[in-house]
Amino acid sequence: MKKYLFMLVAVFAMSTAAFAQKGITGFGVQGAYDDLNGQFGIGVKLQLGLVDQLRGDVATDLFFKKKDISIVDVNANLHYVFPVASGFNVYPLAGLNLAFFNHDIPTRLGVNLGGGLEYYVASNVKIGGEAKYIVSDNGYSRFGANFGVTFLF
């Protein structure tokens with residue numbers, strides 16, 4: 001039993017060290033679209049390489065006011081990256097969405113389901129886009145898309 005416990009602790013310690021070594025891998029800017037009100041917006045994202053093909057992505061988008069409604073989206077997603085060709089990747093994504101509205105619509109929590117693609121234009125710069133469906137309650141489920149550039153470091 002002690003042997004298995006030691007192995008479990010060792011694996012945990014190694015995975016924690018690997019996580020810390022990967023660190024922050026990218027910062028990006030993006031244009032965004034939301035079909036709830038046909039709104040366009042701008043946003044920023046931070047990508048964190050977790051292990052091998054798995055990475056985390058935290059993003060926020062500010063959608064410009066239309067019909068007296070503006071939206072601020074905060075997203076936290078996981079991507080599982082598949083290299084398809086040299087410099088070209090695709091990935092499914094899943095995560096959480098928190099939407100803040102300026103109107104009489106309360107804050108909504110949703111689930112993101114979608115996918116994306118990216119192309120490296122240089123060793124430390126990639127362009128990409130993603131589409132997702134945000135599953136939410138009370139008729140606020142919606143489709144979202146973005147396209148942008150990410151700088152790697």
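A cavity is a set of grid points where a 1.4 Å probe fits but cannot get out. The exercises below apply this term and others to a predicted model.

**Exercise 1.** Determine how many cavities of 30 Å³ or more the structure holds, and describe the lining of the largest cavity.

*Solution.* The search of the whole structure returns 3 cavities of 30 Å³ or more. The largest cavity has a volume of about 70 Å³. Its lining comprises 15 residues, of which Lys45, Glu118, Gly128, Gly129 and Thr150 are the closest to the centre. Two or more lining residues come from each of strand 2 (39-51), strand 7 (108-122), strand 8 (125-135) and strand 9 (142-152). Strand 8 gives the largest share, with 5 residues. By class, the lining holds 4 nonpolar, 6 polar and 5 charged residues.

**Exercise 2.** Classify the aromatic pair of tyrosine 33 and phenylalanine 40, and state whether each residue is buried, partly exposed or exposed.

*Solution.* This pair belongs to a search that finds 3 aromatic pairs. The ring centres of tyrosine 33 and phenylalanine 40 are 5.1 Å apart and the planes meet at 50°, which makes the pair tilted. Tyrosine 33 has a relative accessible area of 28% and is therefore partly exposed. Phenylalanine 40, at 55%, is exposed because the cut-off is over 50%.

**Exercise 3.** Analyse the pair of phenylalanine 101 and tyrosine 140.

*Solution.* The geometry is tilted, with 5.9 Å centre to centre and 50° between the planes. Phenylalanine 101 lies in strand 6 (residues 88-101) and tyrosine 140 in the loop between strand 8 and strand 9, so the pair ties together parts 39 residues apart in sequence. Both phenylalanine 101 and tyrosine 140 are buried.

Note on methods
Residues are numbered from 1 along each chain as its sequence is written. This is a predicted model: local features need pLDDT of at least 70, side-chain atom pairs count only at pLDDT 80 or more; totals for chains, interfaces and linings use all residues. Side-chain values use heavy atoms; hydrogens and water are left out. On a 1 Å grid over the protein atoms alone, a cavity is a set of points where a 1.4 Å probe fits but cannot get out, and a pocket is an open set with protein on both sides within 12 Å along at least five of seven lines; lining residues have an atom within 4 Å of a point. Grid points are joined across faces, edges and corners, and a volume is the space filled by probe spheres set on the points. Helices (H or I, at least four residues) and strands (E, at least two) are DSSP runs, numbered from the N terminus. Ala, Val, Leu, Ile, Met, Phe, Trp, Tyr, Cys and Pro count as nonpolar, Asp, Glu, Lys and Arg as charged, and the others, Gly among them, as polar. Rings of Phe, Tyr and Trp (its six-membered ring) pair if their centres lie within 6.5 Å; planes under 30 degrees apart count as stacked, over 60 as edge-to-face and the rest as tilted. Buried means under 20% relative accessible area, exposed over 50%, partly exposed in between (1.4 Å probe, protein chains only).
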